[in-house]
Amino acid sequence: MSQETTGRAPEANAPGDVAPGASGPRAGVVSAPTPDAHVPTIPAPDDAAPEQWVADVVVIGAGIAGLTAAHDLRRAGLAVEVLEKSRGLGGRSATRTVQAHRVDHGAQYFTARSPRFRHQVDAWIAAGLAFRWAEGLPTWTAAGGWRDAAEGGHPRFACAAGMNTLGKALAQGLEVQRETRVSHVARDGDAWVIALDGGGVRRAPRLVVTPPVPQALELLTGAELPASTYAELASVGYAPCFTVIAGYPEAEAPGWPGLHLSDHPDLAWIGNDGSKRPASDGTVLVLHATPAFSREHFDDAVVDNVRPLLRAAAEVVPWADRPAWTDHQRWRYARPEHRHPAPALLAGPGLVLAGDAFGGDAGGRIEGAFASGLAAARLLLEANAAT
Ligand SMILES: Cc1cc2nc3c(=O)[nH]c(=O)nc-3n(C[C@H](O)[C@H](O)[C@H](O)COP(=O)(O)OP(=O)(O)OC[C@H]3O[C@@H](n4cnc5c(N)ncnc54)[C@H](O)[C@@H]3O)c2cc1C
């Protein structure tokens with residue numbers, strides 16, 4: 001499934017973009033075409049001399065976890081290459097342009113409870129990327145109507161240019177290959193062999209894998225994970241989310257930034273997306289279906305999902321069922337429901353899994369993905385120091 005359907009066209013890597021410590025040829029130059037994209041071609045051991053290795057570390061996924069890990073590993077002096085299947089950066093921290101509006105169709109905002117992430121957020125605020133969007137958010141219940149934000153209290157941050165700004169910022173200075181989907185990972189001697197869709201292979205001694213865990217496990221069928229590790233990871237589960245974006249050029253925007261619906265069977269969230277954009281024209285609402293609705297109707301025809309969700313929104317915002325235009329996104333792996341307790345997992349020699357499904361209660365959101373990326377880098381560096 002594509003987690004991001006739009007974004008900037010891929011850019012050529014600028015000369016000099018190679019991360020410090022790279023000793024071999026540039027990453028984009030060494031792909032070895034394979035006759036069948038789905039069957040990884042593993043070069044003969046003679047071809048696997050260290051000087052031919054492209055990077056010290058390959059990171060799969062340019063979401064918040066993968067980019068954070070890549071950053072720290074690069075800062076530690078390793079040559080890092082990030083492989084990302086989409087055109088966009090930031091993964092589920094996603095933004096698209098619809099009807100000339102920038103709209104966040106994945107993560108809506110982020111929290112910063114840990115001092116380390118707060119430090120990063122302060123840097124983003126100072127650079128003009130992020131701002132304090134809301135102090136707590138209101139909740140709506142069918143039984144009791146509105147409950148004010150006040151008790152929730154902690155700040156929510158957003159990005160005026162869109163939540164994918166975080167991915168773009170984290171990717172700066174990194175070697176990121178976009179529209180490069182990994183099809184399969186296998187172990188060959190001391191190396192991880194990473195086969196790409198459409199041909200091409202990477203070899204690296206270390207590998208960080210950050211797609212949602214079910215997708216990661218599909219990639220790792222050839223990685224010879226211990227059965228106990230595989231079982232732990234197989235128990236990680238995600239809720240899907242059907243998302244509707246709806247535009248109302250004539251409507252006056254609601255007075256709140258966004259609101260949670262705590263007991264609605266179909267609708268969990270209404271975001272007032274224009275409240276994040278300084279020059280917002282008209283009103284754009286982002287509706288997130290509940291996990292129950294999304295599960296039951298994930299593959300239904302778009303119109304059969306959009307209509308009931310608009311009707312549900314109209315229970316709160318009377319004109320919400322009369323948009324001028326709509327768009328949608330199906331997130332198969334939106335939010336992890338059953339998370340792994342460790343912040344990241346060393347699953348094999350030089351192999352770390354990370355992402356928002358790690359970190360127990362601290363996971364499941366952007367802040368958790370960031371913490372998991374840091375933990376992944378730390379685990380690899382510690383394992384490196386121990387050998
Ligand atoms: C609808 C929705 C609403 C949300 N709301 C919030 C919110 O308000 N606040 C909050 O904090 N969090 C929210 N989240 C969760 C938040 O977006 C995630 O926790 C966070 O972005 C996860 O980051 P990640 O790096 O772990 O994973 P991802 O962002 O999923 O990154 C993984 C990357 O791997 C790439 N990839 C996958 N397979 C391959 C492959 N085979 N080859 C190459 N690349 C591959 C993907 O394209 C993706 O870019 C929301 C998520 C969704 C979907």
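A residue is taken as near the ligand if its C-beta atom, placed from the backbone, lies within 6 Å of it.

**Entry 1: the model.** I note at the outset that this is a predicted model. I looked up the secondary structure and found eight helices and 20 strands in the chain. I then checked burial: of the 387 residues in the chain, 49% are buried. For contacts with a separation of 6 or more, I found that 71% join residues 24 or more positions apart.

**Entry 2: the ligand shell.** I listed the surroundings of the ligand and obtained 40 residues, the closest being Gly61, Gly63, Gly91, Gly355 and Arg365. I sorted this shell by class and recorded 17 nonpolar, 15 polar and eight charged residues. Which elements each supply at least two residues of the shell? I found helices α1 (64-75), α4 (213-219) and α8 (366-386) among them, together with strands β14 (237-248) and β18 (325-338). I also looked up the domains: domain 1 (27-90 + 167-236 + 339-386) and domain 2 (109-162 + 237-337) each give the shell at least three residues.

**Entry 3: the sheet with β14 and β18.** I followed these two strands into an open sheet of seven strands with mixed pairing, in the order β7-β6-β15-β16-β17-β14-β18. Why is one side of β7 (145-147) and of β18 left without a neighbour in the sheet? Both stand at the edges and have a single partner strand each, so no strand of the sheet lies on their other side. I recorded an average turn of 25° between neighbouring strands of this sheet, direction ignored.

I next examined the pair β14 and β17 (residues 283-289), which run antiparallel and are joined by six bridges. Within this pair, I noted that valine 244 has leucine 287 of β17 as its bridge partner. Helix α7 (residues 302-314) packs on the sheet, where I found it touching β14, β16 (267-272), β17 and β18. The direction of α7 makes about 75° with that of β14.

**Entry 4: positive phi outside glycine.** I looked up two such residues. Alanine 100, not a glycine, has a positive phi of about 70°, and I located this residue in the loop between β3 (95-98) and β4 (101-104). Is alanine 100 buried or exposed? I counted 8 C-beta neighbours inside 10 Å, so alanine 100 is exposed, the cut-off for exposure being 12 or fewer.

Glutamate 224 also has a positive phi, near 55°. I placed glutamate 224 in the loop between α4 and α5 (227-234). Glutamate 224 counts as exposed because 11 other C-beta atoms lie within 10 Å.

Key. Residues numbered from 1 in each chain as written. Predicted model: local features only at pLDDT ≥ 70, side-chain atom pairs only at ≥ 80, totals over all residues. Helix = DSSP H or I, 4+ residues; strand = E, 2+ residues; numbered from the N terminus. Buried ≥ 20, exposed ≤ 12 C-beta atoms within 10 Å, placed from the backbone. Contact = placed C-beta atoms within 7 Å. Nonpolar A, V, L, I, M, F, W, Y, C, P; charged D, E, K, R; others polar. Domains from an automatic or database assignment. Pairing = 2+ DSSP bridges. Axes fitted to C-alpha atoms, helices over the stretch in contact; angles between N-to-C directions.
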